[in-house]
Amino acid sequence: MHVTQYHWKRRVAQFATLFLIALVPAVGLFRIDLTSASFSILGQQLWWSNFTFVAGLALVAATAPILTYMTIGTVWCGWACPQNLLSEWANNMTHKLLGKRASVDVNGKMVVAASKNKVINWLLLGLLFLGAAMVLAVIPFMFFFSVGEVWSIFTTGAQFSTFMQRLYYFIVFLIFIDIAVVRYFWCDYACMYRIGQKIFKTRDALHVAYDQTRSADCAKCNYCATSCITSIQPTDIKSYDSCIDCGECVDACNRLHEKSGTAGLLRFELGEHGAAATLGGKIRDVLARVNWLVAAMFLAGCVLTVWGIVTQPKPVPELSPAAQQHEQQLASLCATQCIAQIDTCKKGNLSACALAQACQCQCSLDHDPASTRVGEWQQCVKTNTANAKSLPHTLRK
């Protein structure tokens with residue numbers, strides 16, 4: 001009998017998520033520019049003062065987690081979150097080097113197998129954690145610098161100021177401590193996503209269900225509990241338990257019962273009707289319990305974010321020194337050529353002011369007909385010539 005196994009699929013999803021987190025800034029999809037107080041999205045600069053974009057982004061960030069709590073439950077934690085991936089990897093390395101039941105994290109007592117409590121094992125474990133921390137600490141830098149700049153920083157030391165050095169070492173230190181001793185402690189007591197999950201999560205979201213009708217087949221083997229990452233009882237999961245929908249307990253139960261040709265007692269369920277419902281029915285069950293106010297706010301945030309990107313004014317390209325000098329010379333020449341209209345304008349003649357503007361634009365056209373601003377100058381001449389006829393010739397009071 002073939003049964004679905006989730007472990008390797010989950011590993012692929014976890015590494016893919018970590019890869020995407022690094023890829024987003026690496027390809028320039030999203031980056032933060034502290035020097036100009038702006039975001040860069042696909043090369044387009046979006047100022048922090050762009051209220052529409054920032055408000056939309058804030059709405060999406062606030063409501064998206066709530067929607068996931070109500071629908072896919074804790075799938076992010078078990079299948080995508082880098083913190084869980086690192087914690088699991090750290091646990092596996094600890095068990096291999098310090099014993100199958102070894103525990104060195106802050107959640108429990110330090111337990112190390114006597115036969116493996118050797119300096120070389122501790123040293124190797126520390127070097128593995130340090131190496132991982134040094135590689136992962138590079139990712140945050142890519143959100144603020146291009147890949148080329150990051151490469152030059154870490155290969156040649158270019159632009160690597162003392163502050164940057166200390167910042168990198170500090171990030172390495174934080175990641176090392178997280179991998180070495182914090183691990184799931186962060187998830188249980190500090191992660192804001194998990195705190196929100198405990199507030200908004202429902203049984204109608206994706207969850208692990210236990211077949212009570214076959215409880216006699218379970219025989220209290222406890223194999224699923226020993227396989228559980230978060231050390232809970234999979235056969236009696238409460239809504240407040242820290243289940244992350246990883247599926248390790250489902251895999252364990254399936255492996256055990258596969259030997260006898262029967263299905264496991266644990267499975268994933270979506271919605272209140274469980275396995276008896278069709279896929280469409282399960283989706284309807286979940287959608288029926290989505291808070292539509294939250295959903296509306298999420299959609300509004302998406303619209304505001306896109307609108308903020310579309311309406312962001314394009315930055316005016318900076319002129320080269322030669323172009324700036326040319327602009328100044330042209331402005332000086334035209335001011336001399338139109339001096340009569342400018343002097344009359346200064347005396348308060350409104351019509352002369354319009355004529356002075358038209359004269360300077362015409363002068364620019366005559367002396368620089370190949371400029372990219374030809375259309376702008378032509379419109380200037382047309383508009384101000386018309387205004388000169390309608391404006392009063394009398395002095396302003």
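Which hand does the link of Cys 334 and Cys 363 have, left or right? Hold that thought for a moment. First, a word on what we are looking at. This is a predicted model.

Now the answer. The torsion about the S-S bond is -85 degrees, and the link of Cys 334 and Cys 363 is left-handed. The sulfur atoms of this disulfide sit 2.2 Å apart. Look at where the two ends lie. Cys 334 is in helix α16, residues 321–337, and Cys 363 is in helix α18, residues 350–367. That is 29 residues apart, so the pair links distant parts of the chain. Both Cys 334 and Cys 363 are buried.Next, Cys 338 and Cys 359. They too are joined by a disulfide, with an S to S distance of 1.9 Å. The torsion about this S-S bond is about -85 degrees, so the disulfide is left-handed. Cys 338 lies in the loop between α16 and α17, where α17 covers 339–346. Cys 359 is in helix α18. These two are 21 residues apart, and the pair links distant parts of the chain. Is Cys 338 buried or exposed? Its relative accessible area is 0%, so Cys 338 is buried. Cys 359 comes in at 16% and counts as buried, because the cut-off is under 20%.

Now Cys 345 and Cys 353. Their sulfur atoms are 1.9 Å apart, and they form a disulfide. Which hand does this link have, left or right? With 90 degrees about the S-S bond, the link of Cys 345 and Cys 353 is right-handed. The two ends fall on either side of a cut-off. Cys 345 has a relative accessible area of 18%, and buried means under 20%, so Cys 345 is buried. Cys 353 has 22%, so Cys 353 is partly exposed.

How many disulfides does the count come to? Four. Number the bonded cysteines in sequence order, and the pairing reads 1-7, 2-5, 3-4, 6-8.

Some cysteines stay out of this. Cys 187 is in no disulfide. The nearest cysteine sulfur belongs to Cys 81, and it is 5.8 Å away. At 5% relative accessibility, Cys 187 counts as buried. Cys 249 is in no disulfide either. For Cys 249 the nearest cysteine sulfur is that of Cys 246, 6.1 Å away. Cys 249 has 7% relative accessibility and counts as buried.

On to the cores. In soluble globular proteins, nonpolar side chains tend to be buried together. Here, the largest nonpolar core has 28 residues. Which of them have the most contacts inside it? Phe 129, Leu 136, Ile 175 and Ile 179. The helices α1, α4, α5 (119–136), α6, α7 (147–155) and α8 each supply at least two residues of this core. Of these, α8 gives the most, with seven residues.

Take Phe 129 as a place to zoom in. Leave aside its neighbours within four places in sequence. Phe 129 is then in contact with Trp 89, Ala 90, Met 93 and Thr 94, and also with Phe 176, Ile 179, Ala 180 and Arg 183. Apart from the largest core lies another core, of 17 residues. Among them are Cys 224, Ile 237, Cys 243 and Cys 249. We met Cys 249 a moment ago, as a cysteine in no disulfide.

Last topic: pockets. The largest pocket has a volume of about 940 Å³. It is lined by 31 residues, and the closest to its centre are Asn 91, His 95, Cys 228, Ile 229 and Ser 231. Which element gives the most to this lining? That is α4, with five residues. At least two residues each come from α1 (7–26), α4 (82–98), α9 (184–189), α12 (223–227) and α13 (248–258). By class, the lining has eight nonpolar, 13 polar and ten charged residues.

The second largest pocket has a volume of about 540 Å³. Of its 21 lining residues, Cys 81, Pro 82, Gln 83, Leu 86 and Asp 178 are the closest to the centre. Elements giving two or more residues to this lining include α3 (75–79), α6 (138–142), α8 (162–182) and α10 (192–200). How does the lining of the second largest pocket divide by class? Into 17 nonpolar, two polar and two charged residues.

One thread to take away. Helix α4 turns up among the suppliers of the largest core, and α4 also lines the largest pocket and the second largest pocket.

Notes:
Residues numbered from 1 in each chain as written. Predicted model: local features only at pLDDT ≥ 70, side-chain atom pairs only at ≥ 80, totals over all residues. Heavy atoms only, no water. 1 Å grid on protein atoms, 1.4 Å probe; cavity = no way out; pocket = protein on both sides within 12 Å on 5 of 7 lines; lining within 4 Å. Points joined across faces, edges and corners; volume = space filled by probe spheres on them. Helix = DSSP H or I, 4+ residues; strand = E, 2+ residues; numbered from the N terminus. Nonpolar A, V, L, I, M, F, W, Y, C, P; charged D, E, K, R; others polar. Core = buried A, V, L, I, M, F, W, Y, C linked by side-chain atoms within 4.5 Å. Buried < 20%, exposed > 50% of the residue type's maximum accessible area, 1.4 Å probe, protein only. Contact = heavy atoms within 4.5 Å. Disulfide = S-S within 2.5 Å.
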